[in-house]
Amino acid sequence: MKKIIALLLAVVMVFALVACASTAKTDDTAAETTPAETTETTEPAAEETEAPAEEETPAEPTGDAVGTDIKIGVVLIGDENEGYTYSHILGIQEATKALGISENNIVWKYSIGEDESCYDACVDCVDQGCQIVITNSYGHQSFCRQAAEEYPDVQFVAMTGDTARADGLANFHNAFTGIYEARYVGGVVAGMKLQQLIDEGKVEDKNKTADGKIKIGYVGAYPYAEVVSGYTAFFLGVQSIVPDVAMQVQYTNSWFNITAENEAAKALIADGCIIVSQHADSTGAPSACQEALDAGTTVYCVGYNVDMLAVAPTAALTSPTNVWEVFYEYAFNAVMNGESFDTNWSQGYEADAVKLTPLGESCAPGTQEKVDETIAAIKDGSLHVFDTSKFTVGGETVTSAFATDTDGDFTPDADEAIFDGYYHESYFQAAPSFQLRIDGITELN
């Protein structure tokens, strides 16, 4: 905010997870299968998994696609060693497979910074004949838009971006998932575990605040709307099961820093947090939770983007994750058919664009049933994550909050987002906009 190998092992997941991630050392343009190099320190994976095999016969095209001669440019902030980018890579692979598009028709650009090199990468994709170019980090947006303005016959998508509607270019788009919904459900999973710990008498005095609320923690990357929206949704999910909780948020000021994330989680655990979640891109926090649990401290975690069971087999409960294939198949199919597609796209459970990874063995009995019930309520509209009757700010119910930043100062100043009793996240723009600091959550730094 390198080159993909078709038979990718779970070592890639050990680095993982979110929206803008670390910048590693490579820049290449061809779809190849050479193993990537990285400047990041690696951590061995606990188990192996296969990524989609290049040798597999592509699935038959779906929908009304008129052909598979589309060429796709993909400009990525990281590579397969960083979970957020890896999830995009997998989503693109699955979408192209479903549509019968050869991976040879993808121009991969790995580890592209949030600077002029992004614009250069976008232009190079156009020069190689791409009809659609995607960037995956927020900081890529202005450079992606610059290229879109210069090449009106090519479609450009700035993932996680927020200016497409205001920019008004027919060929410039923003997209993001409704991941806040899955974060809420991840909070429900954590709440179920916390209730089990309460019932078993495993919540100690050190796990409570002075006023008796149970401490939970959150490792966040930056105090941006995307992170605030996510941790608030998680907190509200926990509160739906165990109301008397208080959450501490520790920022690392990096999307991907395994050491900082590990240390932040350890600090939260040392302060008595009995559940730790995250919006950061590595396995640092789950690893810290597993180490503490193995040493006799009661603590469990909810990750992000990838299954954390490989590094935290008994501490990890689940991870909210994006299913990027849903958007990519939609957008690629539109381009193949010469059709327009949404300027702002954001879908959650209603389109199966978000989900939880498999529940860990430490989850409380009845968790899957509660998860299914919660997802069904989100889908049918009977549950809204940011229901204003469920939280307060400064002791007061919130009746007004804006969603759109019109002057670039990162403070929403237009588009009333609260109506019908809840804050409408990702309603006016694809990217999250919820920035309210609700009662019960403390940012430590």
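In the predicted model, H88 is found in helix 1, which spans residues 83–98. The relative accessible area of H88 is 0%, and the residue is therefore buried. Its side chain and that of Y328 are joined by a polar contact of 2.8 Å. When neighbours within four places in sequence are left aside, Y328 is also listed among the residues in contact with H88, together with L76, N136, M159 and W324.

The surroundings of H88 belong to a protein of 445 residues, of which 58% are buried. The secondary structure comprises 10 helices and 18 strands. The protein exposes about 16800 Å², and carbon and sulfur atoms supply 47% of this area.

Two open sheets are described here in turn. One is formed by six strands with parallel pairing, in the order 2-1-3-4-5-12. Its edges are occupied by strand 2 (106–109) and strand 12 (344–347), each of which pairs on one side only. Neighbouring strands of this sheet are turned against each other by 20° on average, with direction ignored. Within the sheet, strand 3 (residues 132–135) pairs with strand 4 (residues 155–159) in the parallel sense, over four bridges. T135 has A158 of strand 4 as its bridge partner. Helix 2 (residues 116–127) packs on this sheet and touches strand 1 (72–75), strand 2, strand 3 and strand 4. The direction of helix 2 makes about 165° with that of strand 1.

The other sheet is likewise open and built from six strands with parallel pairing, here in the order 10-9-8-6-7-18. Strand 10 (316–318) and strand 18 (441–443) stand at its edges; each has a single partner strand, so one side of each is left without a neighbour in the sheet. From one strand to the next, the twist averages 25°. Strand 8 and strand 9 pair in the parallel sense over three bridges, and the bridge partner of S277 in strand 9 is V302. Such pairing in a sheet, whether parallel or antiparallel, is made through backbone hydrogen bonds.

Helices also pack on this second sheet. Helix 5 (residues 179–199) touches strand 6, strand 7, strand 8, strand 9 and strand 10, and its direction makes about 135° with that of strand 10. Helix 6 (residues 225–239) lies across strand 6, strand 7, strand 8, strand 9 and strand 18. Relative to strand 7, helix 6 runs at about 155°.

Strand 7 (residues 245–251) contains M247. With a relative accessibility of 1%, M247 counts as buried because this value falls under the 20% limit. The C-alpha atoms of M247 and G217 are separated by 5.2 Å, although the two residues are 30 residues apart along the chain. Leaving aside neighbours within four places in sequence, M247 is in contact with I216, G217 and Y218, with Y231, F234 and F235, and with G440, I441 and T442. Of these partners, G217 is thus both in contact with M247 and separated from it by 5.2 Å between C-alpha atoms.

Helix 8 (residues 284–294) is largely enclosed by the rest of the structure, because nine of its 11 residues are buried. These buried residues are G284, A285, P286, S287, A288, C289, Q290, A292 and L293. They pack against strand 6 (214–220), helix 7 (258–270), strand 8 (275–279) and strand 9 (300–302). Helix 8 is followed by G296, which has a positive phi near 105°.

The cysteines were examined for covalent links. A search of the whole structure finds zero disulfides. C118 is in no disulfide, and the nearest cysteine sulfur, that of C122, is 4.3 Å away. C118 is buried, with a relative accessible area of 0%. For C301, the closest cysteine sulfur is that of C289, at 4.5 Å, which is too far for a bond; the limit for a disulfide is a separation within 2.5 Å. C301 also counts as buried, at 2% relative accessibility. C289 is itself one of the buried residues of helix 8.

How values were computed:
Residues are numbered from 1 along each chain as its sequence is written. This is a predicted model: local features need pLDDT of at least 70, side-chain atom pairs count only at pLDDT 80 or more; totals for chains, interfaces and linings use all residues. Side-chain values use heavy atoms; hydrogens and water are left out. Buried means under 20% relative accessible area, exposed over 50%, partly exposed in between (1.4 Å probe, protein chains only). Accessible areas come from the Shrake-Rupley method with a 1.4 Å probe; for residues, only the protein chains shown count as cover. Two strands pair if DSSP finds at least two bridges between them. Axes are lines fitted to C-alpha atoms, for helices over the stretch in contact, and angles run from 0 to 180 degrees between N-to-C directions. Contact means heavy atoms within 4.5 Å. A polar contact is a pair of N or O atoms within 3.5 Å; within protein, one must be able to donate a hydrogen and the other to accept it, and residues adjacent in sequence count only if both atoms are side-chain atoms.
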